[in-house]
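Subject: Structure handover and what was found in it

Dear colleague,

I am handing over the structure below, together with an account of what was found in it. Please keep it open beside this message while you read.

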Amino acid sequence: MPAAASSEVAAAVADAHRREWAFVLAATLRVAGDIDKGEEAVQDAYASALATWGPRGIPKNPGAWLTVTARRRALDMHRRAATEQRALPRLYEPEESLADEQAMATEDIPDDRLRLIFTCCHPALAPDARVALTLRLLCGLSTADIARAFLVPEATIAARITRAKKKIAAAGIPYSVPAASELHERIDGVLSVVYLVYTTGHTAPSGADLMRRDLAERGLELAGMLRVLLPQDRDVAGLLALVLLTDARRDARLDRNRELVLLEDQDRSAWDRAAIGEGVALLREALNSRPPGRFALMAAIAAVHDESGSWSETDWQEILGLYDLLMETWPSPVVQLNRAIALGFAVGPAEGLAELDALGAEPQLARYPYLAAARADFLARLGRAGEARVAFEEALILTDNDAERNYLRARLARLAG
């Protein structure tokens, strides 16, 4: 950051990065020629903002300013490499100019973002690469944060992103929303992207705050846009239902001291009943599909929690049954973990603990803090305080989110007391 950048300018640029990155990059890719050049142009625009907003003042519309600057930078790159024009991938739309830059910067941005999502989720790319690339480009997530979301090493994610970019350039994958006939094969990857965008914001993998509201809001917004684009798609309805039913509890997840409050202890009067009602209506629509999709099943689990008057009234048998269906539809170690937790509350903590212990050899869960935390909780409920402390300490070592770490320290302190 230039030394001359004031704290006010730095804060404005940081806020613009959180809020506007996807808008700016998606619009810039129209003229950038390829993804790497687009990213470079956008990064240059943000660096220019740090250098110029101080003397000139922070613009009224930072996103428009950044988009115009980034697109100008992208066109400058083309002018300096005019001999390469014929070799540009189809991301480039040469008929477009910056004659009316301000209008372009504020045009139908949601469509630009959808173009970017569908480009990154092209079936020519590996499924994991689609999600990783879109999280990197659309949301500006660091490689480390994406790796935490995937439960894989950072180097693995970096390699996936690099390979995906090269594949897009080499194959000339178009920057567009696919035709209706192609939507079905592309939508699952898109839904996975939006879901991970939301969940990464719902509980940040690292940092001082429990949530990254910008990402959570972006995930909710993207799910809503997909609903507008594909109003008859049951899986889209299921995803939007899941996000709404989960996000409805956001205001109860922290207490007055900004400390984490688990679902068991939340003030349910603080839940957003309008969002729950909208989510349940969407869920009914999503469940009309047979068999129900994974997002509809997860939304049904969220709905059981949201419609329970208290923790003690929760129908854990129903939740356990829904997890059994989810395991048939979408088997994964994390689903197994959540099913084991549900079993512990439906049948008893000893049974849940036995299921969790059986998952200890699962490689993907070896460094997953929620496995250790769940074991610690069941051990504490069984009165095995010494073993619970060890498990809580393990979870504490594996956790990078400060709010979750503070919660684990508090549980350890209560056990010690």
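The crossing of helices α11 and α12 is left-handed, and it is a convenient place to begin, although please bear in mind throughout that this is a predicted model. The axes of these two helices, α11 and α12, come within 8 Å and cross at roughly 155°, and since an angle over 145 degrees counts as roughly antiparallel, α11 is therefore described as roughly antiparallel to α12. On the side of α11 the contact is made by Arg234, Ala237, Gly238, Leu240, Ala241, Leu244 and Leu245, while α12 brings Ala275, Ile276, Glu278, Gly279, Val280, Leu282, Leu283, Glu285 and Ala286 to it. Sorted by class, the residues of this contact between α11 and α12 comprise eleven nonpolar, two polar and three charged.

One residue of that contact deserves a closer look, namely alanine 241, which is placed in helix α11, a helix that covers residues 234-247. Is alanine 241 buried or exposed? Its relative accessible area is 0%, and because buried means under 20%, alanine 241 counts as buried. If its neighbours within four places in sequence are left aside, alanine 241 is in contact with Gly279, Leu282, Leu283 and Ala299.

Ala299 also appears in the next pair of helices, where it is one of the residues that α13 brings to its contact with α12. Helix α12, residues 273-286, and helix α13, residues 294-306, pack at an angle of about 140°, and their axes are 10 Å apart. That angle makes α12 oblique to α13, and the crossing of α12 and α13 is left-handed. The contact is formed by Arg273, Ile276, Leu283 and Ala286 from α12, and by Ala296, Ala299, Ala300, Ala303 and Asp306 from α13. By class, the contact of α12 with α13 holds seven nonpolar residues, no polar ones and two charged ones.

The loop between α11 and α12 is the place of leucine 262. With a relative accessible area of 34%, leucine 262 is partly exposed. Leucine 262 and glutamate 285 are 23 residues apart in sequence, and from C-alpha to C-alpha they are 29 Å apart in space.

Further along the chain, helix α14, residues 316-329, and helix α15, residues 333-346, have axes that come within 9 Å and cross at roughly 155°. The helices α14 and α15 are therefore roughly antiparallel to each other, and the crossing of α14 and α15 is left-handed. Their contact is made by Trp316, Gln317, Ile319, Leu320, Tyr323, Asp324, Leu326 and Met327 of α14, together with Val335, Gln336, Asn338, Arg339, Ala342, Leu343, Phe345 and Ala346 of α15. The contact of α14 with α15 has eleven nonpolar, three polar and two charged residues.

How many aromatic pairs does a search of the whole structure find? There are eight aromatic pairs, and among them is the pair of tryptophan 311 with tryptophan 316, which is edge-to-face, with 5.2 Å from centre to centre and 65° between the planes. Tryptophan 311 counts as buried at 19% relative accessibility, and tryptophan 316 is buried as well, with a relative accessible area of 12%. Ring pairs link Trp311, Trp316, Phe345 and Phe378 into a cluster. As for how this cluster relates to the residue discussed earlier, alanine 241 and phenylalanine 345 are 104 residues apart in sequence and 25 Å apart in space, C-alpha to C-alpha.

Two threonines complete this account. Threonine 28 lies in helix α1, which covers residues 7-32, and with a relative accessible area of 0% threonine 28 is buried. Leaving aside neighbours within four places in sequence, threonine 28 is in contact with Gly38, Ala41, Val42, Thr67, Ala70, Arg71 and Ala74. Threonine 134, for its part, is placed in helix α6, residues 127-139, and at 0% relative accessibility threonine 134 counts as buried. Not counting residues up to four places away in sequence, threonine 134 touches Ile117, Cys120, Cys121, Cys139 and Val193.

With kind regards

Key: Residues numbered from 1 in each chain as written. Predicted model: local features only at pLDDT ≥ 70, side-chain atom pairs only at ≥ 80, totals over all residues. Heavy atoms only, no water. Helix = DSSP H or I, 4+ residues; strand = E, 2+ residues; numbered from the N terminus. Buried < 20%, exposed > 50% of the residue type's maximum accessible area, 1.4 Å probe, protein only. Contact = heavy atoms within 4.5 Å. Axes fitted to C-alpha atoms, helices over the stretch in contact; angles between N-to-C directions. Parallel < 35°, antiparallel > 145°, perpendicular 65-115°, else oblique. Left-handed = near helix turned anticlockwise from the far one by under 90°. Nonpolar A, V, L, I, M, F, W, Y, C, P; charged D, E, K, R; others polar. Phe/Tyr/Trp six-rings, centres within 6.5 Å; stacked < 30°, edge-to-face > 60°.
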